[in-house]
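This report describes the fold of one protein and then turns to one of its strands and a residue close by in the account. Please consult the sequence and the structure shown here while reading.

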Amino acid sequence: MTVLQDIIAGVREDLDARMRTVPLAELKDRAAAAPPALDAFAALGGVAGALPELRVIAEVKRRSPSKGELAGIADPGALAGRYADGGASVISVLTEERRFGGSLADLDAVRAAVRIPVLRKDFTCDPYMIWEARAHGADLVLLIVAALNDGELRDYLALARELGMNAIVETHTAEEIERAVAVDAQIIGINVRNLKTLEVDRGHFAALAGNIPAGPVVIAESGVRDAQDVRHYAGHGAHAILVGEALVRDAAPLERITEFKQAGTAAMQDLHQDAR
């Protein structure tokens with residue numbers, strides 16, 4: 001069993017327990033009563049005519065399978081507020097409990113604290129989780145291509161759009177990028193972490209990014225340690241980065257986001273100039 005398969009097995013067990021507590025019909029009522037979702041695609045620079053500016057998706061992340069405990073986050077809402085003050089375009093909240101120490105309570109706290117789009121980052125394996133995300137105020141969900149068949153990927157993306165949300169369609173290989181493009185994904189992430197070994201290969205982004213056609217927002221996921229990594233990703237076509245560990249372990253996340261944005265935007269502008 002791969003790491004991804006093991007994580008999803010636990011997610012399904014926890015999901016079954018929540019489904020017994022909150023029936024889908026009740027969840028749909030909660031989703032209908034929630035304020036409309038914010039436009040994460042626009043926030044990430046996906047609108048026509050957007051200037052070349054690196055966007056940052058800043059993550060509230062307590063723990064990871066590869067690094068263990070990362071940070072004791074007493075107030076996820078306050079941390080998210082600092083991220084937003086630093087210029088983050090989207091806040092990502094890990095809600096998977098067993099491996100990442102997250103929760104829907106963290107999502108609720110962040111949603112109440114910020115006025116920018118919020119990503120419910122989890123291992124989506126059932127439509128219930130998309131309804132759940134919307135009911136808790138999420139504007140964006142994560143769909144991992146490696147965890148879904150083509151029918152699920154298409155249907156889950158359609159449901160997210162029906163609920164007014166966007167989705168990050170996460171890929172790891174050229175074949176997965178083809179599948180993401182085939183369902184007309186507007187936001188495509190390239191995760192440079194191998195889901196079988198958890199090893200990170202930052203060069204993997206440059207090798208794959210050219211397979212994504214013009215149009216979708218391209219996100220570099222995992223492996224951001226410093227401004228040099230950000231320049232590398234932006235210089236090879238990333239419009240945004242998703243970063244968690246480097247921020248939750250930093251005593252000055254606001255300043256670090258500003259630094260990342262400046263480094264990435266400069267690389268994007270250089271790339272844009274070279275293309276002329």
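## Contacts and overall form

Among contacts between residues at least 6 apart in sequence, 69% join residues at least 24 apart. The model from which this value was computed is a predicted one. The protein contains 12 helices and 10 strands.

For 276 residues, a compact globule would have a radius of gyration near 19 Å; the protein has 17 Å, and therefore agrees with that expectation. The C-alpha trace spans about 55 × 40 × 40 Å along its principal axes.

## Burial and surface

Of the 276 residues, 54% count as buried. The protein exposes about 11800 Å², and carbon and sulfur atoms supply 49% of this area.

## Strand β10 and its two partners

Strand β10 comprises residues 240-243. Ala240 and Leu242 point one way from this strand, whereas Ile241 and Val243 point the other way. In a regular strand the side chains alternate between the two faces of the sheet. As for solvent exposure, Ala240, Ile241, Leu242 and Val243 are all buried.

Strand β1, residues 55-60, runs parallel to β10 and is joined to it by four bridges. Within this pairing, Ala58 stands opposite Val243. Strand β9, residues 217-221, also pairs with β10 in the parallel sense, over three bridges. Here Ala220 has Ile241 as its bridge partner. Ile241 and Val243, which appear in these two pairings, point the same way from β10.

## The crossover from β9 to β10

The connection between β9 and β10 involves helix α10, which covers residues 227-235. Together, β9, α10 and β10 make a right-handed β-α-β unit. The two strands of this unit are parallel partners, as described above.

## Asp229 in helix α10

Asp229 is located in helix α10, and hence belongs to the helical part of the β-α-β unit. Is this residue buried or exposed? Asp229 has a relative accessibility of 6%. Because the limit for a buried residue is under 20%, Asp229 counts as buried.

The side chain of Asp229 makes a polar contact with the side chain of Arg225, at 2.8 Å. When residues up to four places away in sequence are not counted, Asp229 touches Arg202, Gly223 and Val224.

Definitions and conventions: Residues numbered from 1 in each chain as written. Predicted model: local features only at pLDDT ≥ 70, side-chain atom pairs only at ≥ 80, totals over all residues. Heavy atoms only, no water. Buried < 20%, exposed > 50% of the residue type's maximum accessible area, 1.4 Å probe, protein only. Pairing = 2+ DSSP bridges. Right-handed = clockwise from strand over helix to strand, strands pointing away. Polar contact = N/O pair within 3.5 Å; in protein donor to acceptor, adjacent residues only side chain to side chain. Contact = heavy atoms within 4.5 Å. Rg over C-alpha atoms; globule rule 2.2 N^0.38 Å. Areas by Shrake-Rupley, 256 points an atom, 1.4 Å probe, with all protein chains shown as cover.
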